[in-house]
Amino acid sequence: MRTGKTDQEILDSIVTAAPFIQKAAKEEIAISICDHETWLLQLDHPNLVLGNKTGDPVSKEDPVIQSALNGKGEMGRPPFEVYGIHFFGKTTPIMNDGRVIGAIGMAYNIEVLMKMEKNVEKLNDITVSIQKLIEQIISQADQLQETNNELYQLSERSKENSEEVNHILELMNKISRQTNILGLNANIEAARAGDAGRGFSVVANEVRTISKETAASSDKINESITLIKGNLEQMIDSLSTIRGLTTEQTELVKNAAQTLDTLSTIIYQLHDYMKTLG
């Protein structure tokens, strides 16, 4: 398309119109106009001051403006190192007779967006820390569950062992009763034998005494075993309750971990979305 104007006339007219464009814009924008080598205008905004000035050379390190100078409008964040400030830029090539004679760029203030990004990054760091903490809690909970299961099994075996001891005590009591009866019968037979059975009577009395002592000891052991069994049953009940609570707590923590994973994904998506906004 032929305009009938020289390159310089077109560039000058856009430079002249730039202040009006800036005032008409709803956003806080800075306007930059250049040819292929030099910035012809740098019109900053009070809240958005770029690091280049009118007359400065156009940076080859800014892909956003270079894209426009190559004939294709672009948008994005120019490198901070080029202008010393974070902003979002939109550029458009300036054409004359099908040739790119320069470019116009509009810089948008993204200070609020940058603060949001920093807060999102902090939130992500906090989320990562919590995730690591939850992983430790889950690991410890699994270890606690394993230890609790071992204690539960030991308690069950101890209870079974106490039952076996009871059987042995019952056998001892049975033997004691039979021994006592044998001693009593031996005393009767010794009495019938008179003087000849006197020595045997002494042995029979000793046998009966041992039988009674065995029975008394057996009763005491039985009382202790009964008490131990009661304590073991209480321990088993408590361990069973703890095991249930531990399982429940582990599930709750795992659910929290899944929720944090979802939150982390949302944070990453939000961060990427803000990048596309500015």
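The following legends describe close-up views of a predicted model of one protein chain.

**Figure 1. Overview of the protein chain.** The protein chain contains five helices and five strands. Read from the N terminus, its elements follow the order α-β-β-α-β-α-β-β-α-α. Of its 278 residues, 32% count as buried. Among contacts with a separation of 6 or more, 57% join residues that lie 24 or more positions apart. The accessible surface amounts to about 17,700 Å², and carbon and sulfur atoms contribute 57% of this area.

**Figure 2. The five-stranded sheet.** The strands form an open sheet in the order S2-S1-S5-S4-S3, and their pairing is antiparallel. Strand S2 (39–43) and strand S3 (74–76) are the edge strands, each of which pairs on one side only. On average, neighbouring strands of this sheet are turned by 15 degrees against each other, with direction ignored.

**Figure 3. Pairing at the two edges of the sheet.** At one edge, strand S1 (residues 29–34) pairs with S2 in the antiparallel sense, and four bridges link the two. Within this pairing, Ile31 has Leu43 in S2 as its bridge partner. At the other edge, S3 and S4 are also antiparallel and are joined over three bridges. Here Met75 stands opposite Lys90 in S4.

**Figure 4. The hairpin of S4 and S5.** Strands S4 and S5 pair in the antiparallel sense over 10 bridges. Together they form a hairpin that has two residues between its strands. One of the bridges places Asn96 opposite its partner Arg99 in S5. Seven of the 10 residues of S4 are buried, and this strand is therefore largely enclosed by the rest of the structure.

**Figure 5. Asp97 in the turn of the hairpin.** Asp97 is located in the loop between S4 and S5. Most residues other than glycine have a negative phi. Asp97, although it is not a glycine, has a positive phi of about 55 degrees. Is Asp97 buried or partly exposed? Its relative accessibility is 32%, so Asp97 counts as partly exposed, a class that lies between the limits of 20% and 50%.

**Figure 6. Helix H1 against the sheet.** Helix H1 (residues 7–24) lies across S1, S2, strand S4 (87–96) and strand S5 (99–109), and runs at about 175 degrees to S1. Buried residues in H1 are Ile10, Leu11, Ala18 and Gln22. The cover over the buried residues of H1 includes S1, S2, S4 and S5. In general, an α-helix has 3.6 residues a turn, so residues three or four places apart point the same way.

**Figure 7. The length and bend of H1.** What span should the 18 residues of H1 have at 1.5 Å a residue? The expected value is 26 Å, and the end C-alpha atoms of H1 are 25 Å apart, which agrees. H1 bends by about 35 degrees at Ala18. A proline, Pro19, follows within four residues of this position.

**Figure 8. The surroundings of Ser59.** Ser59 belongs to the loop between S2 and helix H2 (63–69). Which residues does Ser59 touch, not counting those up to four places away in sequence? Its contacts are Trp39, Ile65, Gln66 and Val82. The relative accessibility of Ser59 is 17%, so this residue counts as buried, the limit being under 20%.

Note on methods. Residues are numbered from 1 along each chain as its sequence is written. This is a predicted model: local features need pLDDT of at least 70, side-chain atom pairs count only at pLDDT 80 or more; totals for chains, interfaces and linings use all residues. Side-chain values use heavy atoms; hydrogens and water are left out. Two strands pair if DSSP finds at least two bridges between them. Axes are lines fitted to C-alpha atoms, for helices over the stretch in contact, and angles run from 0 to 180 degrees between N-to-C directions. Contact means heavy atoms within 4.5 Å. The expected span of a helix is 1.5 Å times one less than its number of residues. The bend at a residue is the angle between axes fitted to the seven residues ending there and the seven starting there. Buried means under 20% relative accessible area, exposed over 50%, partly exposed in between (1.4 Å probe, protein chains only). Accessible areas come from the Shrake-Rupley method with a 1.4 Å probe; for residues, only the protein chains shown count as cover.
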